[in-house]
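Visitor: I would love a close look at one part of this structure, the aromatic rings that pair up. Could you walk me through them and set them in the context of the fold?

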Amino acid sequence: MPTKKSNPKESSLGLMAKLQRKDPKLPRFVVVPNMLVSDWGVKENVTIVGELNGVNLGRRSLKRWDADRWFIQVPEPVCKKANVDIGDMVTVTMQIAENE
């Protein structure tokens, strides 16, 4: 559930999601439902900062997939630090990065 603050773009949100990959040549990713992002009022890709299972994601792009979903690519070093792989359920927390 998102954590509400006075400015929606300062809100952090958290979710549990399955770590996925469409093809072995592509990065892993997590899907973020639009209903969680909608309070931010963003309509296009946006830079976020956050954590995956407590491991820093750094600055990542939250990318629009379709009308119902967004996604974040999860790089290999983050997966190794978090000890997770494809099919694992992960906890992701994020907020819009400063200067966005």
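Guide: Gladly; here is the aromatic cluster, followed by the chain around it. Please keep in mind that this is a predicted model. The structure holds three aromatic pairs. In one of them, Phe29 and Phe71 meet edge-to-face, with 6.1 Å from centre to centre and 75 degrees between the planes. Phe29 belongs to strand S2 (residues 28-33) and Phe71 to strand S5 (residues 69-74), so this pair ties together parts that are 42 residues apart in sequence. Both of these phenylalanines, Phe29 and Phe71, are buried. Phe71 also has Trp65 as a partner: their ring centres are 5.7 Å apart and their planes stand at 75 degrees, so this pair is edge-to-face too. Ring pairs thus link Phe29, Trp65 and Phe71 into a cluster. As for cover, Phe71 has 18% relative accessibility and counts as buried because the cut-off is under 20%. Trp65, at 30% relative accessibility, counts as partly exposed.

Now for the surroundings. The protein chain contains two helices and six strands, arranged along the sequence as β-β-α-β-β-β-α-β. Its radius of gyration is 13 Å, close to the 13 Å that the globule rule gives for 100 residues, so the chain is as compact as a globular protein of that length. The C-alpha trace spans about 40 × 25 × 25 Å along its principal axes, and 36% of the 100 residues count as buried. Among contacts between residues at least 6 apart in sequence, 64% join residues at least 24 apart.

Conventions. Residues are numbered from 1 along each chain as its sequence is written. This is a predicted model: local features need pLDDT of at least 70, side-chain atom pairs count only at pLDDT 80 or more; totals for chains, interfaces and linings use all residues. Side-chain values use heavy atoms; hydrogens and water are left out. Helices (H or I, at least four residues) and strands (E, at least two) are DSSP runs, numbered from the N terminus. The radius of gyration is taken over C-alpha atoms; the globule rule is 2.2 Å times the number of residues to the power 0.38. Buried means under 20% relative accessible area, exposed over 50%, partly exposed in between (1.4 Å probe, protein chains only). Contact means heavy atoms within 4.5 Å. Rings of Phe, Tyr and Trp (its six-membered ring) pair if their centres lie within 6.5 Å; planes under 30 degrees apart count as stacked, over 60 as edge-to-face and the rest as tilted.
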